[in-house]
Amino acid sequence: MKTFEIGIGRMVIKAPDYYYCEQENEETVMLSRQEEDDEPEIRFTVIGVVPVEQFSAEDMLARFRDEAAEKNTEVRQVQDKVYFSYRKEYDGDIIYYYQISYLNSIISMSACVYKECTDETVHSTILKDAEQMLESIDLLENSKFVVIEPKDTDIDYVVDSVCQLLKVEEEEVGDYYESGKALDRLQVLLDDKLFRLDDLVYLEKLGLLFGSLIRYYYQEFSWAVISDEYGRELVLRFRGHEAVSFPISMIRKRLEEGEHINVAELMTDHYDSVLANIGQ
């Protein structure tokens, strides 16, 4: 299962591994399999947060019952979520709407099946997936150590950092990896040390370039995010496992300790270590 942030990051949901996420705006994420253009889509939007001192579970339940009655449906409860759902059709596209109350937040979820999709089993599958995601809604802070799928803004930051250090445009990055220039450039930057050790943003970017190189040479890795009580950090996750690597911390720690870093050797040693740890 994958874990995705919704809203401004205060809450998360879990979804099957075949889902991918796009951040449509600050409040809305869209999940789909990204296999076809008319792939069914599930959207989550955090549409409101009631101040704790003003929130009343009884009042919210009464409000939901009234709104559900207007839609000729009923309020349901699963775990600590209260919700109602209804279906609408627009020019052949069918959208299943869910209005959800979780703690003092109001969340809108929709599952859209486009008219081009003629497979009848898709409706039952998308509804099953959507309702499992609904059940999984949780506060991020409830987990001390959770691996989250990166947002579009996270990936954009990685790309921007790599381009800045390599001094190339985004479309040139692939050639730099393939030619070995990207690895050579990082080695030169680490050897020359023309930066301050207290410039944590620059050290982070060095780590992101190192992580991007690991991803290029060892494609079993993908970007993820660790969020815990200490903050939020981009990490690498090994495919099919919960094992994660911390490229930013790996580079920063060695620089702070005055250790000489051989980029190629560090990548190889780390890859071998990960394989050993997962028993391969």
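## Cavities, pocket and sheets: worked exercises

In this predicted model, the residues that line the largest cavity fall into 3 nonpolar, 1 polar and 5 charged.

**Exercise 1. Which residues line the largest cavity, and which elements give two or more residues to that lining?**

Solution. Step one is the volume, which for the largest cavity is about 50 Å³. Step two is the list of lining residues, which reads Phe4, Glu5, Cys21, Glu22, Gln23, Glu149, Pro150, Lys151 and Asp152. Step three assigns them to elements: strand 1 and strand 3 are those that give two or more residues to the lining of the largest cavity, and the largest share, 3 residues, comes from strand 3.

**Exercise 2. How many cavities of 30 Å³ or more are counted, and what lines the second largest cavity?**

Solution. The count comes to 2 cavities of 30 Å³ or more. The second largest cavity holds about 30 Å³ of space, and its lining consists of Leu190, Asp191, Lys193, Leu255, Glu259, His260 and Ile261. Sorted by class, the lining of the second largest cavity has 3 nonpolar, 1 polar and 3 charged residues.

**Exercise 3. Describe the largest pocket by its volume, by the residues closest to its centre and by the elements in its lining.**

Solution. Begin with the volume of the largest pocket, which is about 630 Å³. Of the 24 residues that line the largest pocket, Lys2, Tyr20, Glu149, Ser222 and Arg237 are the closest to its centre. The elements that give two or more residues to this lining are strand 1 (2-6), strand 3 (20-23), helix 3 (152-166), strand 12 (221-228) and strand 13 (231-238). Strand 12 gives the most, with 3 residues. The last step is the division by class, in which the lining of the largest pocket has 9 nonpolar, 5 polar and 10 charged residues. Glu149 can be followed through two exercises, since it appears among the residues closest to the centre of the largest pocket and also in the lining of the largest cavity.

**Exercise 4. What is the strand order of the open sheet of 7 strands, and which strands stand at its edges?**

Solution. The open sheet of 7 strands has the order 3-4-5-9-8-7-6, and its pairing is antiparallel. Its edge strands are strand 3 and strand 6 (76-78), each of which pairs on one side only. Neighbouring strands of this sheet are turned against each other by 25 degrees on average, with direction ignored.

The order can then be followed from strand 3 inward, pair by pair:

- Strand 3 is joined to strand 4 (residues 28-32) by 4 bridges in an antiparallel arrangement, and Tyr20 stands opposite Ser32 in strand 4.
- Strand 4 and strand 5 (residues 41-49) pair in the antiparallel sense, again over 4 bridges, with Leu31 opposite Ile42 in strand 5.
- Strand 5 and strand 9 run antiparallel and are joined by 8 bridges, and Val49 stands opposite Ser105 in strand 9.

**Exercise 5. Which strands does helix 1 touch, and why does the pair of Phe64 and Phe84 count as edge-to-face?**

Solution. Helix 1 (residues 57-70) packs on the sheet of 7 strands and touches strand 7 (81-90), strand 8 (93-102) and strand 9 (105-113), while its direction makes about 20 degrees with that of strand 7. Turning to the rings, the count of aromatic pairs in the model comes to 12. For Phe64 and Phe84 the ring centres lie 5.4 Å apart and the planes stand at 80 degrees, so the pair is edge-to-face, given that planes over 60 degrees apart are placed in that class. Phe64 belongs to helix 1 and Phe84 to strand 7, so the pair ties together parts that are 20 residues apart in sequence.

**Exercise 6. What is the order of the open sheet of 3 strands, and at what angle to strand 2 does helix 2 run?**

Solution. The open sheet of 3 strands has the order 1-2-10, with antiparallel pairing. Strand 1 and strand 10 (138-139) stand at the edges with a single partner strand each, so one side of each is left without a neighbour in the sheet. Between strand 1 and strand 2 (residues 11-15), which run antiparallel, there are 5 bridges, and the bridge partner of Ile6 in strand 2 is Met11. Finally, helix 2 (residues 121-136) lies across strand 2 and strand 10, and runs at about 145 degrees to strand 2.

Definitions and conventions: Residues are numbered from 1 along each chain as its sequence is written. This is a predicted model: local features need pLDDT of at least 70, side-chain atom pairs count only at pLDDT 80 or more; totals for chains, interfaces and linings use all residues. Side-chain values use heavy atoms; hydrogens and water are left out. On a 1 Å grid over the protein atoms alone, a cavity is a set of points where a 1.4 Å probe fits but cannot get out, and a pocket is an open set with protein on both sides within 12 Å along at least five of seven lines; lining residues have an atom within 4 Å of a point. Grid points are joined across faces, edges and corners, and a volume is the space filled by probe spheres set on the points. Ala, Val, Leu, Ile, Met, Phe, Trp, Tyr, Cys and Pro count as nonpolar, Asp, Glu, Lys and Arg as charged, and the others, Gly among them, as polar. Two strands pair if DSSP finds at least two bridges between them. Axes are lines fitted to C-alpha atoms, for helices over the stretch in contact, and angles run from 0 to 180 degrees between N-to-C directions. Contact means heavy atoms within 4.5 Å. Rings of Phe, Tyr and Trp (its six-membered ring) pair if their centres lie within 6.5 Å; planes under 30 degrees apart count as stacked, over 60 as edge-to-face and the rest as tilted.
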